[in-house]
Amino acid sequence: PFKVCGINQVSRLVKDHKHIIFDSKARLDSEELKDLAETVDTLILPTTPDALALHGLLLTVAELKKLEIRHFKALLTIVPPLPNRDGLQA
């Protein structure tokens, strides 16, 4: 079982839960990104290895760096198997 909440509730729930998984829209605005990053240990940025998704990831990473947020990791998902090389190139 798990609790479902919105972005505005995350900061209140973080003190009562060991792990919180937050699913957001594809691109948070700068203020939302900053608020979320200030309340978590690690941001995991899932992306598929296609050009459009990677472009969005790079924009998010640029914004995180601009905000001086360094505690994030990218996670490639839905990676096609070899011989397709999209995952390796990403």
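Two residues are in contact when they have heavy atoms within 4.5 Å of each other. This is a predicted model, in which local features need pLDDT of at least 70 and side-chain atom pairs count only at pLDDT 80 or more, while totals for chains, interfaces and linings use all residues. Residues are numbered from 1 along each chain as its sequence is written, and side-chain values use heavy atoms, with hydrogens and water left out.

**The whole chain**

Begin with the entire protein chain displayed as a C-alpha trace, which spans about 45 × 35 × 20 Å along its principal axes. Among contacts between residues at least 6 apart in sequence, 60% join residues at least 24 apart. Switch to a cartoon: the chain has four helices and two strands, in the order α-α-β-α-β-α along the sequence. Helices (H or I, at least four residues) and strands (E, at least two) are DSSP runs, numbered from the N terminus. Of the 90 residues, 22% are buried; buried means under 20% relative accessible area, exposed over 50%, and partly exposed in between (1.4 Å probe, protein chains only).

**The two strands**

Next, select β1 (residues 43–47) and β2 (residues 72–76). The strands run parallel and are joined by five bridges; two strands pair if DSSP finds at least two bridges between them. Within this pair, T47 stands opposite L76 of β2. Now show the side chains of β1: L43, L45 and T47 form its covered face, whereas I44 and P46 form the uncovered one. In a regular strand the side chains alternate between the two faces of the sheet.

**Helix α3**

Add residues 51–66, which form helix α3. Together, β1, α3 and β2 make a right-handed β-α-β unit. To check the hand, orient the strands to point away from the viewer; in a right-handed crossover, the path from the first strand over the helix to the second then runs clockwise. The helix has 16 residues and reaches 22 Å from its first C-alpha to its last, close to the 22 Å expected at 1.5 Å a residue. That expected span is 1.5 Å times one less than the number of residues. Just beyond α3, select E68, whose phi is positive, near 60 degrees.

Colour the buried residues of α3, namely L54, G56, L57, T60, V61, E63 and L64. They pack against α2 (30–37), β1 and β2. Centre on T60, which counts as buried because its relative accessibility is 12%. Apart from neighbours within four places in sequence, T60 is in contact with R27, L33 and L45.

**The nonpolar core**

A nonpolar core is a set of buried Ala, Val, Leu, Ile, Met, Phe, Trp, Tyr and Cys residues joined through side-chain atoms within 4.5 Å. The largest one has 13 residues, of which L43, L45, L64 and F72 touch the most other members. The elements giving two or more residues to this core are α2, β1 and α3, and α3 gives the most, with four. Zoom in on L64: leaving aside neighbours within four places in sequence, its contacts are L33, L43, L45, I69, R70 and F72.

**The last helix**

Finish at D86 in helix α4 (residues 86–89). D86 counts as partly exposed because its relative accessibility is 33%. Beyond neighbours within four places in sequence, D86 is in contact with P49 and P80. Draw a distance from the C-alpha atom of D86 to that of D50: the two are 36 residues apart along the chain and separated by 7.2 Å.
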